[in-house]
Amino acid sequence: MAEFKMFEGCMIGNRIPFIEASCRKVFDKLGIATSQAPFSCCPDPTGFANFDNDGWLAVGARNLALAESEGKDIISLCNGCSNTLKLVNHTLKHDNLKKDKINQELLKIGKEYKGTIDVKHFVSVLKGELEKIKSSTVKPLSGLKVACHPGCHYMRPSEVMETDDPMHPMDLKEIVIACGATVVDYGEEVLCCGSSVSNAYEDHGMAILKKKMDAVKKVGADCLVVNCPACFQQFDGKQRDLSKKFEEEFKIPILYISELIALGMGIPADELGTKFHRTRVSDILEKIG
Amino acid sequence: MATDFEFRKQVLDMHMSGVIKYCYQCNRCTDYCPVAEVTDNAYNPRQNILNALLGFKDAIFSAEKIAIWGCTVCDTCDEVCPQSIELTEIFKLLKNQSVINGDAPDYYYLQAKTIFENAKAVPPQPAIERRRQQLGLPAVAAPDVNELTTLLKNMGIDKKLKGE
């Protein structure tokens, strides 16, 4: 497999780096090679794109140009980043007027967007390595009941993301099954985590989060697995506030899919930095043994 | 309610194929919208599409902020629309205009300012840099902040930001 440019994104790189740690360890075991580049913010498809569309296209195109200059595809650890980079790539490939306009701006800073590389979400790369994941799993996670939340921008808008079924996603489930764990369906798999609306309307984000966590709790899942740092922060970071607000215990451990795979590979939890989770994961660690 | 034809042209230009004109107000977007559900339709994607299509600029921008900014950008409406209208693209146009009007929620101005000044939505912090080291991670490759700020300045983004 050719080397990728790693796009860890602002949130993982500068706020919750333990997620990058598990991703890198899993990539090493599976032989997925990466290198760094001085990428800026992608920028946020739910924030900056709504602020100024052309500015968002230009910053995204500049990031793509950085990877293009080395002729390497990008591997993203985040739904938001892969959504932005794929949307920008798609837009500029299909709209020559826009592409010319953005390139006029990039030219002033000595860059050019050509449209020669692809952007991959790490989950769709892992989806192509199911056999390898199976054979590197030394601690089968049998008996662990896992609820899956791939997050909106892993597969939507489907015409651009080209990963999974937009309303019945399977990729994340297949990876969980390859690790030997059991997938439990909870009926709200494609519901948004509520993170984006929370930025301006906290209460509405919490109401959506409640609906999601109620469903996960009801089926008795041992944990909820995610592949997006914004969703992770919403589920892991806001769970305590949710409990306070609705006077109800949830205590549902949240794992990044890379953490689940790494645990199955026998990588010790302290090397993964699981102690930095806000919602305790000790129950699952005990269960895995 | 008056139609603003310039605004209507902007909306139609988002869809060169004119697909938005085939919206028959079936309400599927709103039925599936997670925010419409928890706000009792204070956020209503179907209504936004209708107002945009008819060029009712005043109705859109003089309403409560949540009528535009309640969108959580989950792209569910795009997927369930029987006419394949990319609603989220239209909503982005409305939000961009709301930013220019100076009416967006504070968060969006703050995030844009952070990106403008740091080239990252989450700037580096010493405590996290140390944590990266403890976890055996390489330092984050630092972006060229000057270059990014120049790019955004050239495009007039600085003029859309709000004061300190």
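Which residues are exposed on the other side of α11(B)? Keep that question in mind while you walk through this predicted model, beginning with chain A and ending at the helix itself.

Select chain A first and show it as a cartoon, where you can trace 18 helices and eight strands. If you look along the principal axes, the C-alpha atoms of this chain fill a box of roughly 55 × 45 × 30 Å. Chain A has a radius of gyration of 19 Å, which agrees with the value near 19 Å that a compact globule of 289 residues would have. Of the 289 residues in the chain, 57% count as buried, and among its contacts between residues at least 6 apart in sequence, 77% join residues at least 24 apart.

Now select residues 145-154 of chain B, which make up helix α11, and show the side chains of Leu148(B), Leu151(B) and Leu152(B), which are buried. Turn the view until you look down the axis of α11(B): the buried residues fall within an arc of 90°, so they line one face of the helix.

Next, add the elements against which these buried residues pack, namely α4 (53-68) and α6 (96-108) of chain A together with α9 (106-118) of chain B; in this way the packing partners of α11(B) come from chain A as well as from chain B.

Then rotate to the other side of α11(B), where the opening question finds its answer, since Asn146(B) and Lys153(B) are exposed there.

Finally, select Gly156(B), which follows α11(B) and has a positive phi, near 80°.

Methods: Residues numbered from 1 in each chain as written. Chains lettered and ligands numbered in written order. Predicted model: local features only at pLDDT ≥ 70, side-chain atom pairs only at ≥ 80, totals over all residues. Helix = DSSP H or I, 4+ residues; strand = E, 2+ residues; numbered from the N terminus. Rg over C-alpha atoms; globule rule 2.2 N^0.38 Å. Buried ≥ 20, exposed ≤ 12 C-beta atoms within 10 Å, placed from the backbone. Contact = placed C-beta atoms within 7 Å. Arc of directions from axis to C-beta.
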